[in-house]
Amino acid sequence: MSTTTKPAGPRSSGKSDPLVDSASLPCSYAHFGPDRPLKLDSGGQLSPLTVAYETYGTLNSARSNAIMVCHALTGDQFCAGVHPITGKPGWWELLIGPGKPVDTDRFFIICANVIGGCMGSTGPMSIDPATGKPYGHSLPVITIADMVRAQVMLLDHLEIPDLFCVMGGSMGGMQVLDWATKYSDRVFSAMPIATAMKHSAQNIAFHEVGRQAVLADPEWHGGDYRERDTTPHKGLAVARMAAHITYLSEAALHRKFGRNLQDRDAVTFGFDADFQVESYLRYQGSTFVDRFDANSYLYLTRAMDYFDLAADFDGNITNAFANTKTRYCIVSFTSDWLFPTSENRMIVRALNGVAADVSFVEIETDKGHDSFLLDVPELFEAVEGFLRSAARQRGLDG
Amino acid sequence: MSNLSELTPKPARDRSDLMVICDLVEPDTKVLDVGCGNGELLELLANRKNVDARGVEISQEGVNRCVMKGLSVVQGDADTDLETYPDKAFDYVIMSHTIQATDRPRDVLRQMMRIGKRAIVSFPNFAHWLVRFQIGIKGHMPITETLPIPWYETPNVHFCSIRDFDALVTELGADVERKIGFDSRGRRLEGPGAGFLANLRAERAVFVLEKP
């Protein structure tokens, strides 16, 4: 059994912690009861299950114009329009909207908060029915495939037979690859952006640094910090600061900050944020802890680390794409050193290996891995062109 | 072939070989255009022959333009990336005015005939009379309509004549199904007598190859 709920709007209690209030975010919820557990790669299952999601545009009568947008590590279901909590534009607002490359006048966009996340879908903050307390660190480890399995349940719940397109960047791109290989007959076209078929040793290493920063914070309390009315915000902020560096590039950091000093004329011979780049990172860290749950950060980085698409296909990536009818468009960015072009090109080579219908664009920019979220016109044009051509092949009007 | 990007956009001149190639391709087939530039041939094939048209292009600019047009094109290098495709995956693998810019034309040709049931190759004939005249009489590297770029900037590193290409095809054990030459005005040298002095008269040539 599955049910849908949609709260009228944000709670008006004046509370400012969006995480505590996330069960009442103004979005849609699909609830799956004990008869519909989510089977997990780890062997266990998750039940009851909630998937928080947002939709944009209108589903056509043939139910053939749905696009699943998969969010990245720290993203959420609010990919377009205005974010109901932060009041800022949705994370892919540049790309998705009326008349934009992902045109909400033509397509029906679904974006779900991933399982293990902290914006309304079942995750570490959800209540464990066995204990009546939040799962915290006792939530089973979630994988990318588990996230996609929950999205498939959502699609069934919405009674949508197949997707016109699945798209996303970074961790979202991993979900796209899982979707397009394991549910190929339900995916007409796929756009994995700035991603990889497996998480590299270097990327696992960066994630481990972030996790250790959280775990080393005395306020983590074995994951039960909420019960003690505290959060490991220092550890999480350090994790975010380290990760944020990997989302940029040396060139972008130099262009933005150089060695410029922060509100001072000379270095202070101390450990204040003398440099602008330090101040910027501290700000990134401090704002992140207000909107993200530390346990979720542990779970989602782990999910990315475990991602190895070939391993799910007997170690042979050709099996993953064999006989695929899905049209692919892969995009990488020249200055992305987290998911470099070489990693993206491996996807292209695997698809070439089965003579699949694939486009591959490498976009020149100094904006690093974050390019997929930023104002990069070449990306918009590639998305627009690919979707227009796929829509024509699918027989969608317009 | 790192400088192949200089070939794209391809020189704005008579592209009659694209039309010839389009005519040579059977409708409703699967085609890979290697070095597809801005996708002119792919568009032509998709529109006129309902072909499942794919492309490989080395320049980012060319690839981006193709993808924006909705063409299925990957950024790649003919010298290294053709080996990723399975055997006989395409009905035709096409290289228009590109093979002379590859690092290892023989290997590229071998790969083309492996992954395609047929290979279609067009190239500038370096034994054309005007080229011979410019080298042999005037004593300098040729600048012609087909070869407009001076020697110090040209991406073309492996020139050949029609006779050379014939020899390579023989060496590779392939059959020439068709061979079409063009003179400097873009006129086809075909029919009776077309082979007569073709290596002298043809400025460009299109070969259709098949490897049993």
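Colleague: Which helices do the buried residues of α4(A) pack against?

Modeller: In this predicted model, the buried residues of α4(A) pack against α3 (201-216), α6 (276-291) and α7 (294-306) of chain A.

Colleague: What makes residues of α4(A) count as buried, and which residues are they?

Modeller: A residue is called buried if 20 or more other C-beta atoms lie within 10 Å of its own. The buried residues of α4(A) are G235(A), L236(A), A237(A), V238(A), A239(A), R240(A), M241(A), A243(A), T246(A) and Y247(A).

Colleague: How do you know that the span of helix α4 of chain A agrees with its 15 residues?

Modeller: The expected span is 1.5 Å times one less than the number of residues. For residues 233-247 this gives 21 Å, and the end C-alpha atoms are 20 Å apart, so the two values agree.

Colleague: Why are β6(B) and β8(B) said to pair?

Modeller: Pairing requires at least two bridges between the strands. Strand β6 (residues 175-182) and strand β8 (residues 204-210) of chain B have 7 bridges, in the antiparallel sense, and therefore pair. In this pairing V176(B) stands opposite L209(B).

Colleague: What makes β6(B) and β7(B) a pair as well?

Modeller: They have 2 bridges, also in the antiparallel sense, and at least two are required, so they pair. The bridge partner of F182(B) is R188(B) in β7(B). The two strands form a hairpin with 5 residues between them, and G186(B) in the turn has a positive phi of about 80°.

Colleague: How many residues does each chain bring to the contact between chains A and B?

Modeller: Chain B brings 15 residues and chain A brings 21 residues. On the side of chain B, α3(B) gives the most, with 5 residues.

Methods: Residues are numbered from 1 along each chain as its sequence is written. Chains are lettered from A and ligands numbered from 1 in the order in which they are written. This is a predicted model: local features need pLDDT of at least 70, side-chain atom pairs count only at pLDDT 80 or more; totals for chains, interfaces and linings use all residues. Two residues are in contact if their C-beta atoms, placed from the backbone, lie within 7 Å. Helices (H or I, at least four residues) and strands (E, at least two) are DSSP runs, numbered from the N terminus. A residue is buried if 20 or more other C-beta atoms lie within 10 Å of its own, exposed if 12 or fewer, and partly exposed in between; C-beta atoms are placed from the backbone.
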